[in-house]
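Colleague: Please take me through one part of this model in detail: chain B and whatever its parts meet. I'd like the cut-offs as you go.

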Amino acid sequence: MSEAERMVGRDLSPASLLLRRVSVLDPRERIDAPHDILIEGGEISAIAPPGEAERPDGVELIEAEGLLALPAFFDPHVHLRSPGQEHKEDLETGTRAAAAGGYCGIVAMANTTPPIDTPEAITALHQKARRLASIPVGFVATLTDGMRGERLSEMVALRSAGAIGFSDDGLPIRSAEMMRRAIQYQRLSGGFISLHEEDPELSGLGVIHEGEVSAALGLAGIPSISESTILARDAAIARYEGGRLNFQHLSAAASVEALEVGRAGGVELSAEVTPHHLLLTDQELRSLDARFKMNPPLRAENDRQALIAALRSGTIDCVATDHAPHHADEKEVPIEAAAMGTTGLETAFSALFGGLVEPGIISAATLVERMSAGASIVGLEPARIALGRRAEIALFDPKASWVAGADGWESRSANSCFGGRTLRGRVMMTVAAGQIAFRRRNFAIRIAR
Amino acid sequence: MRHLLDIADLDRNDIERICERARSFAEIGGREIKKVPTLRGRTVVSLFLEASTRTSSSFELAAKRLSADVISLKATGSSLDKGESLRDTISTLTAYGAEAIILRHPQAGAARLVAEWAEAAVINAGDGKHQHPTQALLDVHTLQNRLGSLEGRSIWIVGDVLHSRVARSNIGAFLTMGASVTVCGPPTLLPRGIEALGCRVESSLDGLGEADVVYALRIQNERMVDAALVPSLREYIDGYQITPRRLGPRQLVMHPGPVNRGVELASELVGAPNSLIAAQVASGLVVRMAVLYEVLTRAGGLSAVPEPTPPRSTTPTTVRSLTPASPIGDPA
């Protein structure tokens, strides 16, 4: 079974669209210029100079001057909460949120209720995704049985059932010996291993980043070494065993350093960073607002700067949201009792575009590359705007300005750390797997038939 | 003042005003009938969701001295015990017409959340390890009574700073009043980044001689030894206990209570002439009266100090009808 076959979604009719005079930005294809893009039967059938493509019968015309056509994004790290926590999110709402954010593929984590640790669970989720998912979804299985960290999950059987990889996300693998066995066994099963790196003892009962804000608020701190020490440990094991590891949601400058050191021997390591760690710091916590409580926590400004530099240089491979929906009841409590996590799929690109691209901190091309590079981590080809490719395109209006959450969310949950902020630029339409996965409601006015 | 959540909500003038008003209330305690009708007919809820003796009793007595109607609730035996959310409990109290809620809660930020939900004025009586602003106010009040001003004074706060909401509130209040603050304790009990609050950080009592005031924090045995934050109580005592030998006769000693005699403080210091511990408890009552007065009358200036009213006055007097007036005079 190929990795692509492990990505499952609804089968709709393939898109037939002509995007006229759209500004195409695809760093992999080295395109940054206006073009006409013709999509027929879900495939890109022509890329012509602006205004020159003919519109065949039955193809919808979109006058897209001023809009950006981007290779659609890929998120290797989201929580869809199914099975068991559908009051927070499910496959339908979660994939709709992803489509609204410009994604053409996402990977759902396994820390559900119960955790996804049996082949039957993977099969059931694939059946569900075929009915409900607006865009293709891959499902990881737990790396250890029940996420207990005591024995490996049935990695081979899980892969045969269609698991795209393995993760105990939410929890670290405490035991170095267990980590070692997982990497050994990966040689047999294949599939990427994605790790939440955290030393549970150093984190203790920590609530937010350990630093001047935690000191001022009297909250137990989560030190940055909680992440970097375990990352260094696992990089060393991967080097010894020749494994391939993905490090989730890097949050600290010390972790970037540990990653660079770990890679030195040519070890296959990849890493993710979230939009919130790139844009926000622990100063947000001074308000004691539980929407800013996540794990790993928002850290200090020097950490944020190190993450930006690492994303720019490619040391960190991709942006992943760690989309973590929670019910309002779990956030409307004192911060120490509140659930960890923020939603992210609907805001990721806009928040980063306004926060990093517009001020000139990172180029649009680099950001676009990093938003879709998550596919490579999983073993898939990232989206490309190229002739003959299945269309995977995010149509983005860089001039749009919107207040996050003001007109509701596609996600079932509203715990967005960007909620209430004015964001720059907005995804208007998403083509995923050659199908129109999302079309913004007020976008209709741009369409001529 | 709408709420009192964090000592940082108050500037120097606010603290001066509250302490001044507390001094004017002190006289009521000397009367035969220790009650004024200032807050008659006002509903005050005291919601203590964590163990407390002195804070809850002094708030309750403060409200009663001002003739407010007081409801006292505790976690055990309340609906919170049955799993009711804090938000729903607050809705219930709001429906009773509670005008002030005094909240003690084991978690940081609880008072701020309740202030968002409730129509009532909220007084933070301790939220987790975060803040305990009335403790800071009563400590400033106590020191002002003894020293006049805190300006230029050196105050050392000694002990378990990591777990202390008193330390965090008092650092803020003492700095605001012009004192310099040093926190001192074993490195394992000093939170990383605490110096950003503007205090000096020491791990040895060697420089204690320069302190005008030594403020000892309570050491919780179980926390220290079971969590292995210090090797042993004996080692803590050797390094950090405030003793007559370590303290000059003119250096004042304070403690938020309850004291572990012989742990953070040598037993004989508790009642020593340079101990302000009893004065702190007395200040607690009048400062909390002043704070209740502030939040329930939305008082701004000192001019709003109430006239004393005859204890058996039959005319209902509301605070709003009081004219700006002089400090409290003799009871009629």
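Modeller: Let's start with buried area, the accessible area (1.4 Å probe) that two parts lose on being put together, summed over both. Bear in mind that this is a predicted model: local features need pLDDT of at least 70 and side-chain atom pairs pLDDT 80 or more, totals for chains, interfaces and linings use all residues, and side-chain values use heavy atoms, without hydrogens and water. Residues count from 1 along each chain as written, while chains are lettered from A and ligands numbered from 1 in written order.

First, the inside of chain B. The domain assignment (automatic or from a database) splits chain B into domain 1, made of 7-132 plus 279-300, and domain 2, covering 133-277. Their C-alpha centres sit 25 Å apart. Put those two domains of chain B together and about 2600 Å² gets buried, 57% of it on carbon and sulfur atoms. On the domain 1 side, the biggest losers of area to domain 2 are Lys129(B), His132(B) and Gln280(B), which together make up 30% of what that side buries. Counted by contact (heavy atoms within 4.5 Å), 33 residues of domain 1 of chain B meet 34 of domain 2.

Now the polar side of that domain boundary. There are two salt bridges between domain 1 and domain 2 of chain B, each needing a side-chain nitrogen of Lys or Arg within 4 Å of a carboxyl oxygen of Asp or Glu. Glu50(B) and Arg165(B) form a salt bridge, with their closest N and O atoms 2.9 Å apart. Polar contacts between the two domains of chain B come to 23 residue pairs, both partners at pLDDT 80 or more; the test is N or O atoms within 3.5 Å, one able to donate a hydrogen and the other to accept it within protein, with sequence neighbours counted only if both atoms are side-chain atoms.

Which elements carry the domain 1 side? Those giving two or more residues are H1 (12-26), H2 (54-65), E3 (100-105), E4 (121-127) and H9 (277-297) of chain B, taken as DSSP runs numbered from the N terminus (helices H or I, at least four residues; strands E, at least two). H9(B) has the largest share, with nine residues.

Then there's the outside, where chain B meets chain A. Here 19 residues of chain B touch 16 of chain A, and the two chains bury about 1400 Å² between them, with 61% of that on carbon and sulfur atoms. Gln107(B), Ala108(B) and Arg192(B) supply 32% of the area chain B buries against chain A, more than any other three residues. The chains share one salt bridge: Arg87(B) pairs with Glu332(A), the closest N and O atoms being 2.6 Å apart. Three residue pairs, both partners at pLDDT 80 or more, are in polar contact across this interface. Among the elements of chain B, helix H4 (residues 110-117) gives the most to the side touching chain A, with four residues.
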